[in-house]
Amino acid sequence: MQTELLIEAVDTHTGGEPTRIVTGGLNTDRFAGGSVEEQRDRFREEADDVRTFLMKEPRGHDDMYGAIPVPPAAEKADLGVFFVDNGGYKDMCGHGTMGVVTALIETGYLDPDGPVTLETPAGLVTADPELSTDGGVEHVTVENVSSYVLDSMTLSMDVDGEPVDVPVDVVYAGNVFAMVPASAFGMDVTPDNTATFVDYGVEVRDRVNEAADFEDPFSGDRLVVDHTEFYEPCAEVDRNVVVFSAGSVDRSPCGTGTCGKMALLHSTGELDVGEPYRHESVIGTRFEGRLRDVRRRDGYAVVDPEITGSAYVVAKHTFLLDPDDPVHSFDVST
């Protein structure tokens, strides 16, 4: 048997959302060296065929997600990692970080002794695994990058043939979110409404990016909204559904999305530092979060969020590419 590629990977799910973690077979000469962000950018330029090979059909699917562990450049970091999906690349991922740490500990690639500092394209994050008596990982608490509300606006949208003013908050939490109440569209956050949320989510994201140019208020870097989070406040636990990339749906409560929601709630006086916050996904899985600290910086309320959730190893793979196979990767999208 001949193969042009041979990639080893471990699959996990975190709250239902997949993470395919590469553990071997990459030709790192194509992108090695420098910060994790620089490695990610070179990977995108030189090795994007590996992303499509792993994320798209016939080995992946429209909602596939992945992580590429790499050597870190930051002195304080134990591990580097960047994140990929069916449509491209993400700067940070909460559910993926939980999956990476769980998988690498449970398969022997990572020492389970204490917190792990990871360098991501968004910056340094800390993951603290809680181990069970048999050495497995029960849950992981991720201290995310600092988060803050960037802007607010109102979009005039057609909802069921009627013009509706939709309030949007733009929030940075390692990724950039357009956060909108599901009630603006007359919908509850349920699986039955997922397809409609996808359509509205892509439209909201594109409309927000067309309406304004965003930049990081502290670094000056250009920012682009890449996620739409529909939220539904409830008495016991808030619910949400996140649409990202070309219309993928996050099955988990979304780690960075939970951090962004906590930043938004703090800005409106609805969440205090240290107060537990429970967040539920469209399929009913949950993360718990809290704000560790808040400070004012250049007029912004900057919060330091953390989230806790559980990931589970579901598969180990060896992916091959027969040189005679005419189908490298593909999408079937409507």
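## A first look at the fold

The protein has 5 helices and 20 strands. Its radius of gyration is 19 Å, close to the 20 Å that the globule rule gives for 334 residues, so the protein is as compact as a globular protein of that length. Please keep in mind that this is a predicted model.

Some values for the whole protein are gathered here.

| Property | Value |
|---|---|
| Span of the C-alpha trace along the principal axes | about 60 × 45 × 40 Å |
| Share of the 334 residues that count as buried | 52% |
| Exposed area | about 14200 Å² |
| Share of the exposed area supplied by carbon and sulfur atoms | 44% |

Contacts also tell us how the chain is folded together. Counting contacts with a separation of 6 or more, 63% are between residues 24 or more positions apart.

### Two domains

The chain is divided into domain 1 (5-144 + 312-321) and domain 2 (147-307). In domain 1 there are thus two stretches of sequence, written 5-144 and 312-321. Between the C-alpha centres of domain 1 and domain 2 there is a distance of 24 Å. Where the two meet, 24 residues of domain 1 and 25 residues of domain 2 take part in the contact.

### The nonpolar interior

In soluble globular proteins, nonpolar side chains tend to be buried together. Here, the largest nonpolar core has 76 residues. Leu118, Val168, Val170, Phe185, Val204, Val208 and Phe230 are the residues with the most contacts inside this core. Both domains contribute to this core, with at least three residues drawn from each of domain 1 and domain 2. Another core, of 20 residues, lies apart from it, and its members include Ile7, Phe43, Met64 and Phe82.

Which residues is phenylalanine 185 in contact with, leaving aside its neighbours within four places in sequence? They are Met157, Val159, Val166, Val180, Tyr200, Val204 and Phe230. Two of these partners, Val204 and Phe230, are also named among the residues with the most contacts inside the core.

### A closer look at threonine 14

Threonine 14 is found in strand E1, which covers residues 6-14. Is threonine 14 buried or exposed? It is buried, because its relative accessible area is 0%, and buried means under 20%.

What surrounds threonine 14, not counting residues up to four places away in sequence? Threonine 14 touches His95, Met98, Gly99, Ser252, Phe287, Ser310 and Ala311. With histidine 95 there is also a polar approach: a polar atom of the threonine 14 side chain lies 3.1 Å from the backbone oxygen of histidine 95.

Key
Residues are numbered from 1 along each chain as its sequence is written. This is a predicted model: local features need pLDDT of at least 70, side-chain atom pairs count only at pLDDT 80 or more; totals for chains, interfaces and linings use all residues. Side-chain values use heavy atoms; hydrogens and water are left out. A nonpolar core is a set of buried Ala, Val, Leu, Ile, Met, Phe, Trp, Tyr and Cys residues joined through side-chain atoms within 4.5 Å. Buried means under 20% relative accessible area, exposed over 50%, partly exposed in between (1.4 Å probe, protein chains only). Domain bounds come from an automatic or database domain assignment. Contact means heavy atoms within 4.5 Å. Helices (H or I, at least four residues) and strands (E, at least two) are DSSP runs, numbered from the N terminus. A polar contact is a pair of N or O atoms within 3.5 Å; within protein, one must be able to donate a hydrogen and the other to accept it, and residues adjacent in sequence count only if both atoms are side-chain atoms. The radius of gyration is taken over C-alpha atoms; the globule rule is 2.2 Å times the number of residues to the power 0.38. Accessible areas come from the Shrake-Rupley method with a 1.4 Å probe; for residues, only the protein chains shown count as cover.
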